[in-house]
Amino acid sequence: MNRRIAIAVALLALAAALLLAARPHEVTADERIDQITTEIRCPVCQGLSVKDSTSETARQMRDLVTQRVREGKSDAEIEAEFRAAYGDWIFLSPPVTSWSGLVWLVPIAALAAGLVLVTGRLRSTDTPPVAAPSPTEVAALRERVAREEAAEG
Amino acid sequence: MLGRVVRVAVVVAILGLVVTLALAFRRDPHDIKTGTVNKPAPAFTLQRLDGSGEVSLADLSGKVVVVNFFASWCLPCTQENPALVRVYERYRGSDVVLLGVNLQETRENGLAYVKRMGMNWPTLADDDGRVALSYGVYGPPETFFIGPDGIIAGRHIGPISEETLVTGIEKLRGQAVSR
(Lines give C-alpha, C1' and ligand atoms only; values in the text may rest on other atoms or scores of the structure.)
Protein backbone atom coordinates (compact mmCIF):
# COMPACT_ATOMS: atom_id res chain seq x y z
CA MET A 1 0.00 0.00 0.00
CA ASN A 2 2.73 2.42 1.04
CA ARG A 3 4.64 1.55 -2.10
CA ARG A 4 1.65 2.42 -4.29
CA ILE A 5 1.23 5.78 -2.54
CA ALA A 6 4.93 6.52 -3.02
CA ILE A 7 4.70 5.74 -6.77
CA ALA A 8 1.58 7.89 -7.13
CA VAL A 9 3.25 10.80 -5.32
CA ALA A 10 6.35 10.43 -7.50
CA LEU A 11 4.24 10.42 -10.67
CA LEU A 12 2.30 13.46 -9.51
CA ALA A 13 5.55 15.27 -8.71
CA LEU A 14 6.89 14.39 -12.19
CA ALA A 15 3.72 15.61 -13.88
CA ALA A 16 3.80 18.84 -11.88
CA ALA A 17 7.45 19.40 -12.82
CA LEU A 18 6.67 18.83 -16.50
CA LEU A 19 3.73 21.22 -16.39
CA LEU A 20 5.85 23.87 -14.68
CA ALA A 21 8.63 23.47 -17.23
CA ALA A 22 6.24 23.58 -20.20
CA ARG A 23 4.19 26.56 -19.04
CA PRO A 24 4.50 29.67 -21.21
CA HIS A 25 6.74 32.19 -19.51
CA GLU A 26 7.43 35.83 -20.09
CA VAL A 27 10.40 36.18 -22.45
CA THR A 28 13.00 38.42 -20.88
CA ALA A 29 14.71 41.26 -22.72
CA ASP A 30 18.02 39.38 -22.64
CA GLU A 31 16.40 36.31 -24.18
CA ARG A 32 14.94 38.45 -26.96
CA ILE A 33 18.31 40.07 -27.63
CA ASP A 34 19.94 36.63 -27.78
CA GLN A 35 17.25 35.32 -30.10
CA ILE A 36 17.42 38.28 -32.51
CA THR A 37 21.22 38.46 -32.61
CA THR A 38 21.37 34.70 -33.25
CA GLU A 39 19.37 35.20 -36.44
CA ILE A 40 21.31 38.21 -37.75
CA ARG A 41 24.47 37.65 -39.76
CA CYS A 42 27.69 39.41 -38.83
CA PRO A 43 28.48 41.24 -42.10
CA VAL A 44 32.26 41.10 -41.67
CA CYS A 45 32.44 37.41 -40.67
CA GLN A 46 32.18 34.08 -42.45
CA GLY A 47 28.81 32.57 -41.55
CA LEU A 48 28.80 33.82 -37.96
CA SER A 49 25.84 35.35 -36.19
CA VAL A 50 26.05 38.72 -34.50
CA LYS A 51 25.66 36.91 -31.18
CA ASP A 52 28.63 34.61 -31.80
CA SER A 53 31.01 37.11 -33.38
CA THR A 54 33.58 39.10 -31.43
CA SER A 55 34.07 41.69 -34.18
CA GLU A 56 33.54 45.39 -33.56
CA THR A 57 30.77 45.51 -36.17
CA ALA A 58 28.91 42.69 -34.42
CA ARG A 59 29.31 44.47 -31.08
CA GLN A 60 27.79 47.62 -32.54
CA MET A 61 24.93 45.59 -34.00
CA ARG A 62 24.29 43.92 -30.63
CA ASP A 63 24.25 47.36 -29.00
CA LEU A 64 21.70 48.54 -31.56
CA VAL A 65 19.47 45.49 -30.97
CA THR A 66 19.74 46.00 -27.19
CA GLN A 67 18.74 49.64 -27.52
CA ARG A 68 15.79 48.84 -29.78
CA VAL A 69 14.54 46.12 -27.40
CA ARG A 70 14.75 48.57 -24.49
CA GLU A 71 12.86 51.14 -26.57
CA GLY A 72 10.02 48.64 -26.80
CA LYS A 73 10.39 47.79 -30.49
CA SER A 74 9.02 44.42 -31.60
CA ASP A 75 11.22 41.70 -33.08
CA ALA A 76 9.68 42.35 -36.50
CA GLU A 77 10.44 46.07 -36.30
CA ILE A 78 14.05 45.42 -35.33
CA GLU A 79 14.49 42.87 -38.10
CA ALA A 80 12.88 45.28 -40.58
CA GLU A 81 15.47 47.91 -39.66
CA PHE A 82 18.33 45.55 -40.51
CA ARG A 83 16.55 44.31 -43.64
CA ALA A 84 16.14 47.90 -44.87
CA ALA A 85 19.88 48.46 -44.59
CA TYR A 86 21.25 45.09 -45.74
CA GLY A 87 18.43 43.22 -47.47
CA ASP A 88 17.41 39.63 -46.70
CA TRP A 89 21.09 38.62 -46.82
CA ILE A 90 21.52 39.88 -43.28
CA PHE A 91 19.53 36.93 -41.91
CA LEU A 92 21.28 33.60 -41.50
CA SER A 93 18.03 31.82 -42.38
CA PRO A 94 16.62 33.54 -45.46
CA PRO A 95 12.83 34.06 -45.43
CA VAL A 96 10.89 31.61 -47.60
CA THR A 97 8.80 34.37 -49.19
CA SER A 98 11.61 36.05 -51.11
CA TRP A 99 14.20 35.27 -53.78
CA SER A 100 16.48 34.11 -50.99
CA GLY A 101 13.81 31.55 -50.14
CA LEU A 102 14.92 29.62 -53.23
CA VAL A 103 17.59 28.03 -51.05
CA TRP A 104 14.75 26.24 -49.28
CA LEU A 105 12.55 25.55 -52.31
CA VAL A 106 15.15 24.38 -54.82
CA PRO A 107 16.23 21.27 -52.84
CA ILE A 108 12.58 20.29 -52.33
CA ALA A 109 11.85 20.80 -56.04
CA ALA A 110 14.97 18.80 -56.96
CA LEU A 111 13.87 15.98 -54.64
CA ALA A 112 10.39 15.94 -56.18
CA ALA A 113 11.88 15.92 -59.70
CA GLY A 114 14.17 13.05 -58.69
CA LEU A 115 11.23 11.04 -57.35
CA VAL A 116 9.28 11.62 -60.57
CA LEU A 117 12.32 10.55 -62.59
CA VAL A 118 12.94 7.39 -60.57
CA THR A 119 9.27 6.42 -60.60
CA GLY A 120 9.14 6.90 -64.36
CA ARG A 121 12.29 4.85 -64.87
CA LEU A 122 11.00 2.00 -62.68
CA ARG A 123 7.74 1.89 -64.60
CA SER A 124 9.46 1.89 -67.97
CA THR A 125 11.72 -1.04 -66.98
CA ASP A 126 8.79 -3.27 -65.94
CA THR A 127 8.81 -6.65 -67.83
CA PRO A 128 6.58 -6.36 -70.88
CA PRO A 129 3.64 -8.84 -71.01
CA VAL A 130 4.59 -12.12 -72.66
CA ALA A 131 2.13 -13.92 -74.92
CA ALA A 132 1.10 -17.44 -73.86
CA PRO A 133 2.89 -20.20 -75.86
CA SER A 134 0.94 -21.89 -78.60
CA PRO A 135 -0.03 -25.62 -78.30
CA THR A 136 2.66 -26.45 -80.88
CA GLU A 137 5.33 -24.65 -78.81
CA VAL A 138 4.12 -26.41 -75.63
CA ALA A 139 4.32 -29.78 -77.36
CA ALA A 140 7.82 -29.03 -78.65
CA LEU A 141 9.00 -27.96 -75.19
CA ARG A 142 7.57 -31.08 -73.55
CA GLU A 143 9.27 -33.26 -76.13
CA ARG A 144 12.59 -31.48 -75.48
CA VAL A 145 12.28 -31.91 -71.71
CA ALA A 146 11.45 -35.62 -72.13
CA ARG A 147 14.46 -36.04 -74.43
CA GLU A 148 16.85 -34.36 -72.00
CA GLU A 149 15.50 -36.42 -69.06
CA ALA A 150 15.97 -39.62 -71.09
CA ALA A 151 19.53 -38.57 -71.98
CA GLU A 152 20.39 -37.99 -68.32
CA GLY A 153 19.06 -41.48 -67.57
CA MET B 1 8.40 9.82 -73.92
CA LEU B 2 9.90 10.13 -70.42
CA GLY B 3 13.41 10.09 -71.85
CA ARG B 4 12.54 13.09 -73.98
CA VAL B 5 11.09 14.98 -71.00
CA VAL B 6 14.24 14.26 -69.00
CA ARG B 7 16.46 15.46 -71.85
CA VAL B 8 14.45 18.68 -72.20
CA ALA B 9 14.55 19.22 -68.41
CA VAL B 10 18.34 18.75 -68.35
CA VAL B 11 18.81 21.18 -71.26
CA VAL B 12 16.53 23.77 -69.57
CA ALA B 13 18.41 23.36 -66.28
CA ILE B 14 21.81 23.81 -67.96
CA LEU B 15 20.55 26.84 -69.90
CA GLY B 16 19.21 28.35 -66.67
CA LEU B 17 22.55 27.82 -64.98
CA VAL B 18 24.47 29.35 -67.88
CA VAL B 19 22.19 32.42 -68.01
CA THR B 20 22.42 32.87 -64.22
CA LEU B 21 26.21 32.63 -64.26
CA ALA B 22 26.44 34.96 -67.27
CA LEU B 23 24.33 37.58 -65.50
CA ALA B 24 26.28 37.15 -62.27
CA PHE B 25 29.70 37.51 -63.94
CA ARG B 26 28.61 40.59 -65.84
CA ARG B 27 27.97 42.42 -62.59
CA ASP B 28 30.63 44.51 -60.94
CA PRO B 29 31.13 42.88 -57.53
CA HIS B 30 31.83 46.33 -56.06
CA ASP B 31 28.49 47.64 -57.27
CA ILE B 32 25.89 46.16 -54.94
CA LYS B 33 22.28 47.05 -55.66
CA THR B 34 20.70 45.59 -52.55
CA GLY B 35 19.94 47.26 -49.23
CA THR B 36 19.75 51.04 -49.31
CA VAL B 37 20.35 51.69 -53.01
CA ASN B 38 17.44 53.49 -54.72
CA LYS B 39 16.00 54.37 -51.32
CA PRO B 40 16.09 57.67 -49.42
CA ALA B 41 19.46 58.15 -47.75
CA PRO B 42 19.15 57.61 -44.00
CA ALA B 43 19.33 60.97 -42.25
CA PHE B 44 22.23 61.68 -39.93
CA THR B 45 23.83 64.42 -37.94
CA LEU B 46 27.41 63.74 -36.91
CA GLN B 47 30.11 65.70 -35.16
CA ARG B 48 33.19 66.66 -37.10
CA LEU B 49 36.29 64.71 -36.14
CA ASP B 50 38.09 67.93 -35.20
CA GLY B 51 35.21 68.92 -32.91
CA SER B 52 34.39 72.06 -34.89
CA GLY B 53 30.65 71.43 -35.05
CA GLU B 54 28.19 69.10 -36.68
CA VAL B 55 27.19 68.22 -40.21
CA SER B 56 23.65 67.18 -41.03
CA LEU B 57 22.71 65.44 -44.25
CA ALA B 58 19.40 67.30 -44.26
CA ASP B 59 21.31 70.59 -44.71
CA LEU B 60 22.79 69.30 -47.97
CA SER B 61 19.47 68.70 -49.71
CA GLY B 62 19.59 69.60 -53.41
CA LYS B 63 23.28 68.80 -53.70
CA VAL B 64 25.13 65.75 -54.93
CA VAL B 65 26.58 64.15 -51.79
CA VAL B 66 29.30 61.52 -51.80
CA VAL B 67 29.58 59.74 -48.46
CA ASN B 68 32.80 57.79 -47.98
CA PHE B 69 33.15 55.46 -44.98
CA PHE B 70 36.78 55.07 -43.92
CA ALA B 71 39.11 54.15 -41.08
CA SER B 72 42.82 54.62 -40.48
CA TRP B 73 43.33 50.88 -39.88
CA CYS B 74 41.84 50.07 -43.29
CA LEU B 75 44.57 49.59 -45.93
CA PRO B 76 42.23 49.87 -48.96
CA CYS B 77 41.14 53.27 -47.55
CA THR B 78 44.73 54.42 -47.82
CA GLN B 79 44.88 53.09 -51.38
CA GLU B 80 41.78 54.98 -52.51
CA ASN B 81 42.61 58.24 -50.74
CA PRO B 82 44.58 59.90 -53.61
CA ALA B 83 41.52 59.49 -55.85
CA LEU B 84 39.31 61.11 -53.22
CA VAL B 85 41.77 64.00 -52.83
CA ARG B 86 41.80 64.64 -56.59
CA VAL B 87 38.02 64.45 -56.87
CA TYR B 88 37.57 66.78 -53.89
CA GLU B 89 39.85 69.37 -55.52
CA ARG B 90 38.04 68.96 -58.84
CA TYR B 91 34.60 69.70 -57.38
CA ARG B 92 35.64 72.10 -54.62
CA GLY B 93 33.16 74.96 -54.34
CA SER B 94 30.60 73.29 -56.62
CA ASP B 95 27.27 71.63 -55.89
CA VAL B 96 29.08 68.41 -55.01
CA VAL B 97 29.79 67.65 -51.36
CA LEU B 98 32.22 64.99 -50.23
CA LEU B 99 31.82 63.69 -46.69
CA GLY B 100 34.11 61.26 -44.93
CA VAL B 101 32.61 59.14 -42.16
CA ASN B 102 35.16 57.66 -39.80
CA LEU B 103 34.18 54.46 -38.01
CA GLN B 104 35.37 51.93 -35.48
CA GLU B 105 38.27 53.84 -34.01
CA THR B 106 39.03 56.69 -31.64
CA ARG B 107 38.60 60.24 -32.82
CA GLU B 108 42.28 60.90 -32.11
CA ASN B 109 43.37 58.13 -34.48
CA GLY B 110 40.83 59.21 -37.09
CA LEU B 111 41.90 62.85 -36.92
CA ALA B 112 45.60 62.00 -37.12
CA TYR B 113 44.91 59.93 -40.25
CA VAL B 114 42.84 62.72 -41.83
CA LYS B 115 45.66 65.21 -41.33
CA ARG B 116 48.33 62.79 -42.53
CA MET B 117 46.39 61.90 -45.70
CA GLY B 118 45.49 65.49 -46.64
CA MET B 119 41.74 65.00 -46.35
CA ASN B 120 40.44 68.58 -46.47
CA TRP B 121 36.77 67.69 -46.86
CA PRO B 122 34.44 67.37 -43.86
CA THR B 123 35.25 64.24 -41.91
CA LEU B 124 32.75 63.03 -39.34
CA ALA B 125 32.86 60.71 -36.35
CA ASP B 126 30.43 57.76 -36.38
CA ASP B 127 31.35 56.79 -32.82
CA ASP B 128 28.73 54.09 -32.25
CA GLY B 129 28.60 52.94 -35.89
CA ARG B 130 24.88 53.68 -36.17
CA VAL B 131 25.19 55.65 -39.40
CA ALA B 132 27.24 52.89 -41.01
CA LEU B 133 24.66 50.32 -39.90
CA SER B 134 21.78 52.40 -41.24
CA TYR B 135 23.51 52.56 -44.65
CA GLY B 136 24.16 48.81 -44.61
CA VAL B 137 27.93 49.20 -44.61
CA TYR B 138 29.84 45.90 -44.59
CA GLY B 139 33.19 47.47 -43.79
CA PRO B 140 35.36 50.37 -44.90
CA PRO B 141 35.94 51.61 -47.48
CA GLU B 142 32.48 52.06 -48.89
CA THR B 143 31.18 54.98 -50.90
CA PHE B 144 27.58 56.08 -51.44
CA PHE B 145 26.34 58.49 -54.12
CA ILE B 146 23.34 60.51 -52.98
CA GLY B 147 21.43 62.54 -55.55
CA PRO B 148 19.96 66.04 -55.11
CA ASP B 149 16.63 64.31 -54.40
CA GLY B 150 18.13 62.59 -51.36
CA ILE B 151 17.98 59.12 -52.92
CA ILE B 152 21.01 56.82 -52.80
CA ALA B 153 21.76 56.34 -56.47
CA GLY B 154 24.83 54.16 -56.17
CA ARG B 155 27.10 52.34 -53.82
CA HIS B 156 30.67 51.18 -54.21
CA ILE B 157 32.20 48.57 -51.94
CA GLY B 158 35.97 48.55 -51.62
CA PRO B 159 38.57 51.07 -52.79
CA ILE B 160 37.11 53.45 -55.34
CA SER B 161 38.87 54.91 -58.37
CA GLU B 162 38.81 58.50 -59.57
CA GLU B 163 37.00 57.39 -62.72
CA THR B 164 34.22 55.67 -60.77
CA LEU B 165 33.86 58.70 -58.52
CA VAL B 166 33.64 61.16 -61.42
CA THR B 167 31.26 58.93 -63.38
CA GLY B 168 28.93 58.57 -60.39
CA ILE B 169 29.02 62.29 -59.62
CA GLU B 170 28.49 63.44 -63.22
CA LYS B 171 25.55 61.09 -63.64
CA LEU B 172 23.83 62.72 -60.68
CA ARG B 173 24.78 66.24 -61.74
CA GLY B 174 23.27 65.49 -65.14
CA GLN B 175 20.04 64.42 -63.48
CA ALA B 176 20.02 67.59 -61.39
CA VAL B 177 20.34 69.77 -64.50
CA SER B 178 17.69 67.91 -66.50
CA ARG B 179 15.14 68.13 -63.67
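**Exercise 1. Which residues does B:Phe70 touch, not counting residues up to four places away in sequence?**

Solution. This is a predicted model, in which local features need pLDDT of at least 70, side-chain atom pairs count only at pLDDT 80 or more, and totals for chains, interfaces and linings use all residues. Residues are numbered from 1 along each chain as its sequence is written, while chains are lettered from A and ligands numbered from 1 in the order in which they are written.

Step 1. Fix the criterion: two residues are in contact if their C-beta atoms, placed from the backbone, lie within 7 Å.

Step 2. Apply the criterion to B:Phe70, whose partners are B:Cys77, B:Gly100, B:Asn102, B:Pro140 and B:Pro141.

Step 3. Place the residue: B:Phe70 belongs to strand E3 of chain B. Strands (E, at least two residues) and helices (H or I, at least four) are DSSP runs, numbered from the N terminus.

Step 4. Assess burial. A residue is buried if 20 or more other C-beta atoms lie within 10 Å of its own, exposed if 12 or fewer, and partly exposed in between, with C-beta atoms placed from the backbone. B:Phe70 has 27 other C-beta atoms within 10 Å and is therefore buried.

Step 5. Add a long-range distance: the C-alpha atoms of B:Phe70 and B:Tyr113 are 10 Å apart, with these positions 43 residues apart along the chain.

**Exercise 2. State the order of the strands in the open sheet of chain B, and describe how they are joined.**

Solution.

Step 1. The sheet has seven strands in the order E2-E1-E5-E4-E3-E6-E7, with mixed pairing. Two strands pair if DSSP finds at least two bridges between them.

Step 2. Its edges are strand E2 (54–56) and strand E7 (152–157) of chain B, each of which pairs on one side only. From one strand to the next, the twist averages 30°.

Step 3. Strand E1 (residues 45–48) of chain B is antiparallel to E2(B), and three bridges join them. Within this pair, B:Thr45 stands opposite B:Ser56. The two strands form a hairpin with five residues between them, and B:Gly51 in the turn has a positive phi of about 75°.

Step 4. Two bridges join E1(B) to strand E5 (residues 123–126), again antiparallel; here B:Gln47 faces B:Ala125.

Step 5. Strand E3 (residues 64–70) is joined to strand E6 (residues 142–146) of chain B by five bridges, and these strands run antiparallel. B:Val65 has B:Ile146 as its bridge partner in E6(B).

Step 6. Helix H2 (residues 75–91) of chain B lies across E3 and strand E4 (96–103), at about 155° to E4(B). Axes are lines fitted to C-alpha atoms, for helices over the stretch in contact, and angles run from 0 to 180 degrees between N-to-C directions.

**Exercise 3. Which residues have the most contacts inside the largest nonpolar core?**

Solution.

Step 1. Such a core is a set of buried Ala, Val, Leu, Ile, Met, Phe, Trp, Tyr and Cys residues joined through C-beta atoms within 7 Å.

Step 2. The largest nonpolar core has 53 residues, and B:Val66, B:Val101 and B:Ala132 have the most contacts inside it. E3(B) gives the largest share of this core, six residues.

Step 3. Beyond its neighbours within four places in sequence, B:Val101 contacts several residues, among them B:Leu46, B:Phe69, B:Leu124 and B:Ala132.

Step 4. B:Leu46, in strand E1 of chain B, counts as buried because 20 C-beta neighbours lie inside 10 Å. The C-alpha atoms of B:Leu46 and B:Val101 are separated by 8.7 Å, although the two residues are 55 residues apart along the chain.

**Exercise 4. Characterise chain A and its contact with chain B.**

Solution.

Step 1. Chain A has six helices and zero strands.

Step 2. Its radius of gyration, taken over C-alpha atoms, is 35 Å; the globule rule (2.2 Å times the number of residues to the power 0.38) gives 15 Å for 153 residues, so chain A is more spread out than a compact globule.

Step 3. The C-alpha trace of chain A spans about 100 × 65 × 25 Å along its principal axes, and 14% of its 153 residues count as buried.

Step 4. The contact takes 15 residues from chain B and 15 residues from chain A. On the side of chain B, helix H1 (2–26) and helix H4 (130–135) are the elements that give two or more residues, and H4(B) provides the largest share, four residues.
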